[in-house]
Amino acid sequence: MSVLLFLFLGALLQKFGLVAVLFLVTLGIAAYSTYGERKVAAFLQDRVGPDRAGPFGLLQPIADGVKMFMKEDFIPQGSEKWLFILAPGIFIFVALMTGAVIPWGTTLTLFGANIDLQVTDINIGILYILGFTSLGVYGIMIGGWASNNKYSLYGAIRASSQMISYELAMGLSVIAVVMLTGTLSLRTMAEMQSGFNWTVIYQPLGFLIFFICALAECNRAPFDLPECETELVGGFHTEYSSMKLGFYLFAEYINMFISSAVIATVYFGGYNFPFVDPAWLGGLMGPVVLFAKIFFFIFVFMWIRWTLPRFRYDQLMHLGWKVLIPLAILNMLLTGAGVLWFES
Amino acid sequence: MQPLTNRSKVIVNKEMSFMERIYIPAIVGGMWTTLKHFFRKPATVKYPDEQRPFAPVYRGLHVLKRDENGAERCTACGLCAVACPAEAITMVAEERERGEEKLYREEKYAATYEINMLRCIFCGLCEEACPKEAIFLTDRIVPSDYVRQNFIFGKDLLVEGVEPEKRIDVTVRQKHIQEKKQAASTQA
Amino acid sequence: MTLAIFLTLAVIAVITALLVVLSRNPVHSVLYLILTFFTIAGLYILLNAQFLAVVHIIVYSGAIMVLFLFVMMLLNLNKDTEPQKSNLWKIGGAVAAGMLLVTLVGAMRGGIELQAAAQPNSQVGLVENLGKVLFTDFVVPFEIAGILFLAAMVGAVLVGKRDLKL
């Protein structure tokens, strides 16, 4: 009995440890994404970027964090106080929750113990991610509405309609992958793509649709209409200051990180790489490969932001409803036909 | 209408072809352009750490030079004030007393010498007019201030220090003016 | 353990459902409704129906309630624009609600006698089983529901396009 309890506690401790590590890594990557974003923007524009705080400006995120904490925390008059405070919390909470189902690697052997590098392998992992990304919009909507500011409300409304429009195409492109792999579990999907058997080879159109939708879901340029500075003075977070604004900005980078992780896992083989066994280095090779892919996609996200201009609102809706959804349905049909053809 | 230049471009609102309408080639082209810039050397000059050299034609805050012994070169002849198109320069001349040879080079010197930096147009005619090579425009920038009165620079701000480290190097500017004067005289 | 979780979720569900009706601000109502949906999703998970739970969250919380909230935010809802209802309406509403109550009580009474007839297969909520059941036993209702949605969509388009040339 006591042995069982000990094992149970050990497993629990392992999971807690993994969650804590994942949490810290996510926050760290989000913090350094802000730095990376500014550096990438600078390099793309022939500038230097932040280089004052520490060597190459590496301490810039810490300086930014200190600044965020030191700023005056302001709650505007006429706002819904509790919702105003709650909204950034919801946003960052939802953003952090999605990391739980992503398989970061196979198993890690540490001090003789085998640690499963995935918080939970629920058999509907991809749906879980879709569900939580669809909830992220509440943080924006509640925050925008509670601010009692018309620009914030505009931002919130834009965010919600954009999210609904692009979620559909995203889900449809994912369905094609599910038909191909026959599973909803991200772990199984990653396992099936060993070597160079990546899904993107079979699903180039689906990947393109998913990528565009991921950009839109993260409110990244060229789909950053909810927070566009030129029209909406910052959109839904116009009235936010101090660490509440910090939460919003942070959560956006977390979303970007998670989106990159999902893209890498679903379409680009996850922790697999040709001629590289994810079990090398005591299982550390898997996370290394996956993070390399994730960083590449984060870079692509930034690269796109600093290249393409923002969409106009009607163009956004046109692209979402009249281009991406029909394309996604076509992709689904083609995949279904292909699966039928090769199965029989 | 007759076009004035050949730069004008006729706008054609023609139907886009399929390849143009899917935008992807254009997007890839744009991404390629920015990627090329990614590997380009930054054009930034980290200003307080590194400064770009000024052109010899740059005309900033004036300096009243001393000679190698530390005596003021200015003799208060007033030619600079006469040459000044903005009438920014005023001075009061005084005769050198016995024992002041270390301070002033010639028998006459400027007791007060003021330039109104708000009037000055930094044309550099004063340095060309000066027969004693006493006044030069340097690469320093006139500091900003809230009070108009503070823009009238007296000798305390204009005359360079005696100590070698407080001397202001004007050799580049000096050479430039000499060349200019020579060119003018050969033309004449 | 399961009972405790069930009770917590159920109590929260009932309280938030009441708050949906009782709160003055329609936006608050919508937010409480979202909470209710979450607790219901939790109940689905207790029934080992993860797929249903996640789809419930995606569809109801993630899409439909967003649309609700969207509309609520666009409407200018404050005290001045609230329509004054006559007493006739109030009486009518009370009678209708009472009739619904009677119907529900009647239905419940029948239900209690039925009991949980047989212990249902606990694996029925998983994706594979659900899909199989939907496309074999319940394929006709499933397809009819699909056609119903299509009809609703066409109707919405018709309503939206005022001068549609047919």
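This passage describes how the chains of a predicted model meet. Local features were kept at pLDDT of at least 70 and side-chain atom pairs at pLDDT 80 or more, whereas totals for chains, interfaces and linings use all residues. Residues are numbered from 1 along each chain as its sequence is written, chains are lettered from A in the order in which they are written, and side-chain values use heavy atoms, with hydrogens and water left out.

Two pairs of chains touch, and the pair with the most contacts (heavy atoms within 4.5 Å) is that of chains A and C. Chains B and C, by contrast, do not touch, their nearest C-alpha atoms lying 27 Å apart.

The interface of chains A and C brings 22 residues of chain A into contact with 23 residues of chain C. The size of an interface is often given as the accessible area lost when the parts come together. Here the buried area (the accessible area, with a 1.4 Å probe, that two parts lose on being put together, summed over both) is about 1,900 Å², with 81% of it from carbon and sulfur atoms. On the chain A side, A:Tyr138, A:Trp145 and A:Ile164 lose the most area to chain C, together 28% of what that side buries. No salt bridge (a side-chain nitrogen of Lys or Arg within 4 Å of a carboxyl oxygen of Asp or Glu) is found across this interface. Three residue pairs are in polar contact, a term for N or O atoms within 3.5 Å; within protein, one must be able to donate a hydrogen and the other to accept it, and residues adjacent in sequence count only if both atoms are side-chain atoms. Helices H4 (125-146) and H5 (150-181) of chain A (DSSP runs of H or I, at least four residues, numbered from the N terminus) each supply at least two residues of the side that touches chain C. H4 of chain A gives the most to that side, with eleven residues.

The contact of chain B with chain A takes 15 residues from each chain. About 1,300 Å² is buried between them, 69% of it on carbon and sulfur atoms. In chain B, the residues losing the most area to chain A are B:Met31, B:Thr34 and B:Phe38, together 42% of what that side buries. Two salt bridges cross this interface; B:Lys46 and A:Asp51 meet through their side chains in a salt bridge at 3.0 Å, N to O. Eight residue pairs are in polar contact across the interface of chains B and A.
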